[in-house]
Protein chains: 2
Amino acid sequence: VDPVIYGRHFDDRVPAGAVGEKLLKRNLSDIAAMGGRPVAAVISVTLDAMVSLKWMEEFYRGLAASARHYGVSIVGGDVAQAPHLLAASLTLVGEASAGRVLTRTGARVGDWIFVTGELGRSLPTGHHHAFIPRLKEGAWLVRRREVRAMIDVSDGLAKDLHPLTPPGATPAIAAERIPRRGDAELRAALTDGEDYELLFAVAARADLPAFERAWKRRFRRTRLTCLGHFVRLDSRPAGTIDFGLYHGYEHLR
Amino acid sequence: VDPVIYGRHFDDRVPAGAVGEKLLKRNLSDIAAMGGRPVAAVISVTLDAMVSLKWMEEFYRGLAASARHYGVSIVGGDVAQAPHLLAASLTLVGEASAGRVLTRTGARVGDWIFVTGELGRSLPTGHHHAFIPRLKEGAWLVRRREVRAMIDVSDGLAKDLHPLTPPGATPAIAAERIPRRGDAELRAALTDGEDYELLFAVAARADLPAFERAWKRRFRRTRLTCLGHFVRLDSRPAGTIDFGLYHGYEHLR
């Protein structure tokens, strides 16, 4: 379940139809990160009475077109009124596409850390609503036994690495390994968020060259980067990123 | 999926724990109206950064206690920030408790209209958060073949009768049949909303006395009222309520 909220996840520069599409795709990205297949959704809309019917129609049209495209049935919903607000939340039900699902836990010290695509500057570039959720990639990764844990990067790498990191460990990642979108600075790539890329851990003893060759054969156009690996808390090499300096997106202060 | 929004479904007079409980129970009422059994839920919270951690903890405690009580697993959720807002939306997944589920459609001209409990003045009396969702009643009704369609009264009887009414028909209900809560006036009983009672249609040819006897044996303390029946649009008897005069709760104006 993930929302889109006016002023936070979209504004007047984003067409209403693209907002509806983004709402679905944000949630598809979560299903992708488990290696799942999307099935059905319900939507909850909260809006000021001043929102135009035209905006709502275009929003729903964008959502419906995207739902058809991804084979999702919108099976219910709710509309409520609240002043000065335009927000919609979607709950997406998925099912396992393989014999298992991937979760955020399962990585171990020594495991390799991979990320798809590029990070940072999602808002100024329009990536935050134009992205394509990594459903195919997720469904492929869940079938690879060497992949141990996965999450999608929605709050920024610095924050989303946390739940993937095994207890007593820390990521050892050199700054120059981070794949940045365009001229994104390091801090932007680590903390902007809304990247909707897959971040996952591969078993330390895996055959990395074979894994990367198989990826390239299957996903010619999706960049894959090995960022580094998990090390014990007290043994992070000099020259790697101190993630304690970055907080990423924080919901509650 | 149904929300609770500050200023709309609760205010400072309602303890945080009761708000969490209400959020779950609103959705349980929807499952009850299908004759379903609740299974699992996800929650989406949108709040101003100024909301106290104490309030949130009590809210979650109330929600969790209620979820335990009703056997619901809270399996996921999301928190987002928005200024001047405190809202939470819950999506509840249920399963059929019998061989079928009841929906809003299925009533025919001639069918009897029943409602549980009493209507109106839900806010001033605290019923809007203290109510007990009609899960047992719903699970019993879905097993009675003479029950054809059901809905819960959340927006007020005048509005919630609409989706239950068959095409080309209208309800024929005398004002004195409406079971009112305390000193609720007729308009309040028809339009206040948040009653969370079950409204359902019973086949015209059913044995009403036998149905009502069976209800009384099973639910000694839950009032059941036969309001009237559905007639053809052009044949509503004089002295029955003209529902065209009442609009109930309207989401979009």
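# A guided tour, starting from A:His84

Select A:His84 to begin: its relative accessibility of 76% is over 50%, so this residue counts as exposed. This is a predicted model, so treat every stop on the tour as a reading of a prediction. A:His84 sits in the loop that links β3 and β4 of chain A. Now check its backbone: phi is near 60°, a positive value in a residue that is not glycine. That deserves a second look because most residues other than glycine have a negative phi.

Switch to chain B and pick B:His84. Is B:His84 buried or exposed? At 77% relative accessibility, B:His84 counts as exposed. Its place is in the loop between β3 (73-81) and β4 of chain B, and its phi is also a positive value near 60°.

**Stop two: strand β2 of chain A**

Go back to chain A and select residues 36-47, which form strand β2. Of the 12 residues in this strand, 10 are buried, so β2(A) is largely enclosed by the rest of the structure.

Next, add strand β4 (residues 86-96) of chain A to the selection. β2(A) and β4(A) pair in the antiparallel sense, over 11 bridges. To see one of these pairings, centre on A:Ile43: its bridge partner in β4(A) is A:Leu90.

Now bring in strand β3 (residues 73-81) of chain A. Its pairing with β2(A) is parallel and runs over 8 bridges. Which residue of β3(A) is the bridge partner of A:Val42? It is A:Gly76. Trace the chain from β2(A) to β3(A) and you pass through helix α2 (residues 53-70) of chain A, in a β-α-β crossover that is right-handed.

**Stop three: the cavities**

Turn on a cavity display if your viewer has one. How many cavities of 30 Å³ or more does the structure hold? There are 4, and the largest has a volume of about 120 Å³. This largest cavity is lined by 14 residues, and those closest to its centre are A:Thr46, A:Ser89, B:Thr46, B:Ala87 and B:Ser89. To frame the lining, show β2 and β4 of chain A along with β2 (36-47) and β4 (86-96) of chain B; each of these strands supplies at least two lining residues.

**Stop four: helix α8 in each chain**

Select residues 208-218 of chain A, helix α8. Its buried residues are A:Leu208, A:Phe211, A:Ala214 and A:Trp215. They span an arc of only 130° around the axis, which puts them on the same side of α8(A). Rotate to the other side of α8(A) and you meet A:Lys216 and A:Arg217, which are exposed. To see what covers the buried residues of α8(A), show elements including β5 (112-116), α5 (135-141), β6 (147-153), β8 (197-202) and β9 (224-232) of chain A.

Then make the corresponding selection, residues 208-218, in chain B. Here the buried residues of α8(B) are B:Leu208, B:Phe211, B:Ala214 and B:Trp215. Why do they lie on the same side of α8(B)? The arc they cover around the axis is only 130°. The face of α8(B) turned away from the buried side carries the exposed residues B:Arg213, B:Lys216 and B:Arg217. Among the elements covering the buried residues of α8(B) are β5 (112-116), α5 (135-141) and β9 (224-232) of chain B.

**Stop five: strand β7 of chain B**

Stay in chain B and select residues 169-173, strand β7. This strand is mostly covered, with 5 of its 5 residues buried. In a regular strand, side chains alternate between the two faces of the sheet. Show the side chains: B:Ala169, B:Pro171 and B:Ile173 point one way from β7(B), while B:Thr170 and B:Ala172 point the other way, and all are buried. β7(B) is joined to β9(B) by 5 bridges, and the two run antiparallel. For one of these links, pick B:Pro171 and its bridge partner in β9(B), B:Phe230.

**Last stop: B:Glu194**

Finish at B:Glu194, in the loop between α7 (186-191) and β8 of chain B. With a relative accessibility of 8%, which is under 20%, B:Glu194 counts as buried. Set aside its neighbours within four places in sequence, and its contacts include B:Arg8, B:His9, B:Lys22, B:His127, B:His128 and B:Asp155. For a distance check, draw a line from B:Glu194 to B:Thr240: they are 46 residues apart in sequence and 24 Å apart in space, C-alpha to C-alpha.

Definitions and conventions. Residues are numbered from 1 along each chain as its sequence is written. Chains are lettered from A and ligands numbered from 1 in the order in which they are written. This is a predicted model: local features need pLDDT of at least 70, side-chain atom pairs count only at pLDDT 80 or more; totals for chains, interfaces and linings use all residues. Side-chain values use heavy atoms; hydrogens and water are left out. Buried means under 20% relative accessible area, exposed over 50%, partly exposed in between (1.4 Å probe, protein chains only). Helices (H or I, at least four residues) and strands (E, at least two) are DSSP runs, numbered from the N terminus. Two strands pair if DSSP finds at least two bridges between them. A crossover is right-handed if, with the strands pointing away from the viewer, the path from the first strand over the helix to the second runs clockwise. The arc is that of the directions from the helix axis to the C-beta atoms. Contact means heavy atoms within 4.5 Å. On a 1 Å grid over the protein atoms alone, a cavity is a set of points where a 1.4 Å probe fits but cannot get out, and a pocket is an open set with protein on both sides within 12 Å along at least five of seven lines; lining residues have an atom within 4 Å of a point. Grid points are joined across faces, edges and corners, and a volume is the space filled by probe spheres set on the points.
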